[in-house]
Amino acid sequence: MALTEAQFRTLVAFSRDNLAQLPPATRAGLEALCGGPEVFEALLDPRGVGIGRFAALMTLPVTTVRHLLREDLLHPLRVGGRFRFLLHNVIELRGVQEWQALDLTLDEVRAFLQGQRLVGLATQGEWVMSVYRQADQPTPEQVQQLKTTVLAQVQAAVARLEEKQVTLARQLERARALAAALAGQPVSEPPS
């Protein structure tokens with residue numbers, strides 16, 4: 001979405017006003033998601049946060065942020081031909097990081113994020129947030145097409161994660177047996 005400087009400042013002021021009315025616990029959770037109150041406040045700067053500053057605030061190399069942009073995993077606003085990052089981009093980034101931590105491919109990460117957007121939600125740890133902007137709401141035909149595509153991708157990723165879970169359970173049992181053997185304790189048989 002391309003905005004003028006004035007439109008962007010208005011949007012940031014509106015966001016700041018709405019966020020100021022949040023209950024303290026909710027605000028504290030958003031601040032933690034961002035990496036602290038200073039980062040949270042920086043994202044509400046009326047001048048905006050460019051790509052270099054966003055990368056620094058998120059403690060990432062700029063090349064990583066650019067890569068996520070090319071992969072269509074981050075969606076900052078465009079203001080005067082430049083990217084401007086806001087709180088929703090932190091939510092997107094944390095979602096990518098959360099799924100990548102499970103060793104999913106970028107295509108699988110994209111499928112999970114598309115699925116979350118499809119239902120209008122994003123999750124981050126215990127948080128569940130609405131991520132729809134009015135202009136982003138898909139038509140019923142788009143929803144059906146997206147559901148079919150994303151469901152297949154999500155199911156494939158779930159199958160891969162379940163395989164990893166089985167492998168990790170076996171590795172955990174071997175590690176426990178080794179620890180017990182090193183401690184001189186009898187090794188118990190793993191449950192069937």
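1. Let me start with E31: at 16% relative accessibility this residue counts as buried, because buried here means under 20% relative accessible area (exposed is over 50%, partly exposed in between; 1.4 Å probe, protein chains only). E31 sits in helix α2, residues 24-34; helices (H or I, at least four residues) and strands (E, at least two) are DSSP runs, numbered from the N terminus. Leaving out residues up to four places away in sequence, E31 touches G36, P37 and F40, where contact means heavy atoms within 4.5 Å.

2. A word on the basis: this is a predicted model, with local features needing pLDDT of at least 70 and side-chain atom pairs counting only at pLDDT 80 or more, while totals for chains, interfaces and linings use all residues. Residues are numbered from 1 along each chain as its sequence is written, and side-chain values use heavy atoms, with hydrogens and water left out.

3. Back to α2. Its buried residues are G29, L30, E31, L33 and C34. Right after the helix comes G35, with a positive phi near 110°.

4. What does α2 pack against? The axes of α2 and α6 come within 10 Å and cross at roughly 60°; axes are lines fitted to C-alpha atoms, for helices over the stretch in contact, and angles run from 0 to 180 degrees between N-to-C directions. The crossing is left-handed, meaning that the near helix is turned anticlockwise from the far one by less than a right angle. On the α2 side the contact is made by L30, L33 and C34, and on the α6 side by L87, V90, I91 and R94. E31 and L87 are 56 residues apart in sequence, yet their C-alpha atoms are 9.8 Å apart in space.

5. α6 deserves its own point. Its 14 residues reach 20 Å from first C-alpha to last, close to the 20 Å expected (1.5 Å times one less than the number of residues). Of those 14 residues 10 are buried, so α6 is largely enclosed by the rest of the structure. Among the buried ones are polar or charged names such as N89, E92 and R94, alongside W99.

6. Now the largest nonpolar core, which has 36 residues; F54, V65 and L74 touch the most other members. A nonpolar core is a set of buried Ala, Val, Leu, Ile, Met, Phe, Trp, Tyr and Cys residues joined through side-chain atoms within 4.5 Å. Helices α2, α3, α4, α5, α6, α7 and α8 each supply at least two residues, and the largest share, 6 residues, comes from α6. Outside its neighbours within four places, L74 contacts F54, V65, L68, L69, F85, N89, E92 and L93. Apart from this core lies another, of 6 residues, including L3, F8, L77 and L86.

7. Last, the sheet. It is open, with 3 strands in the order β1-β2-β3 and mixed pairing; two strands pair if DSSP finds at least two bridges between them. β1 (2-3) and β3 (82-84) are the edge strands, each pairing on one side only. Strand β2 (residues 77-79) runs antiparallel to β3, joined by 3 bridges, and V79 has R82 as its bridge partner in β3.
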